[in-house]
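Here is a short walk through a protein with a bound ligand. Start at the binding site, then move out to the charged pairs.

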Amino acid sequence: MLLVGPNDDFNTKLAESLGVKLIALDRRVFPDGEVCPRVLGDTRDEDVILSMRMEAGSGSPNRYLMEVLFTLRNLKEHMGARSITLVMPYFPYARQDAIFRPGEPLSSKYLGELLEAAGADAVISVTVHLHRIGGFSELFERAKAVNVSGFESLAAEIKKLPLKDPFILGPDTESIHWAREFAHYYGTEDYDAFRKERDVATGEIRTYVKEIDLSGRDVVVVDDMVSTGGTMANAVREAKRMGARIVISAFVHPVLAPKAVDRILGAGADAIVATDTIEWQGSKASVVRSIAETIRGM
Ligand code: R5P
């Protein structure tokens, strides 16, 4: 077994934890934006784990996906890999798991099919945003699909903070199950969620609070991902307005469009804690151990 991926801290730790060799992947990008990911080693007849992460910030999902698709195909067709397990810690386009308006694509399903067609035999991802379908495996026809919880490592990191009378808060109705999952790993039953409405055409967000007594409490606002930061910022602002002493913004995937961090801090967050499912210099928690355990168990 071999690990192929960018020679970064994440993959170095993953390779060490699995006791396998890391073959570097050079992510060359041409001036016009075309990509040419190059595998710098021999993968013939090997069971390959391909581990690639998206970068935080706008514009990177599509470049990232082209790199992943080309590398999968290259490993299978030209580099003789026997099998490929793709480690894609953040699964882009997962939010489009339904056709919300006539004429839109079913992007998450199409992406699953593209990954399979390119050569993925198994796909491991973390806290995949699936609200309207039964499970991650429904995105694939043949490939084995494993959805690892990112809330375990996030909760472990937050546990290091000396919080007083903590309360776990989801920023919108759908996030109640994220709040419950986080609360489970954190070891509390004190959680709830606000309600939010988003205009599907303009993206405008409205947050509706619940009557929860937050005064003097330390609140952890948890979500699976932050993109523009609008959802998180609204919840942080309301929690502070409702008397929270400290508000921590905690999320698994730091997608982080430009200004998202400023928006959250500007709303009054005392700290931001996210995992390393996406390359972001501010990530404090790591999902490497959870992914390594999953691979060992497969
Ligand atoms: C939505 O259902 C997700 O769980 C997140 O709350 C959402 O994607 C965050 O988006 P934004 O940061 O743009 O408000």
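How far does a polar side-chain atom of T228 lie from an oxygen atom of the ligand? The separation is 2.6 Å. This is a predicted model: local features need pLDDT of at least 70, side-chain atom pairs count only at pLDDT 80 or more, and totals for chains, interfaces and linings use all residues. Residues are numbered from 1 along each chain as its sequence is written, and side-chain values use heavy atoms, with hydrogens and water left out.

Two acidic side chains also reach ligand oxygen atoms. D223 places a polar side-chain atom 2.5 Å from one. For E174 the distance is 3.2 Å. A polar contact here is a pair of N or O atoms within 3.5 Å.

Now look at the shell, where a residue is near the ligand if one of its heavy atoms lies within 4 Å of it. There are 16 residues around the ligand, and D223, D224, S227, T228 and T231 come nearest. Seven are charged, six polar and three nonpolar; Asp, Glu, Lys and Arg count as charged, and Gly is among the polar ones. β12 (218-226) is one of the elements that give two or more residues, along with β10 (195-198) and α6 (230-241). β12 gives the most, with four residues.

Next, the charged pairs. A salt bridge is a side-chain nitrogen of Lys or Arg within 4 Å of a carboxyl oxygen of Asp or Glu. The count is 20. One of them joins D8 to R53, with the closest N and O atoms 3.1 Å apart. D8 lies in the loop between β1 (2-5) and α1 (9-18), and R53 in the loop between β4 (47-51) and α2 (60-77), so the pair ties together parts 45 residues apart in sequence.

How values were computed. Polar contact = N/O pair within 3.5 Å; in protein donor to acceptor, adjacent residues only side chain to side chain.
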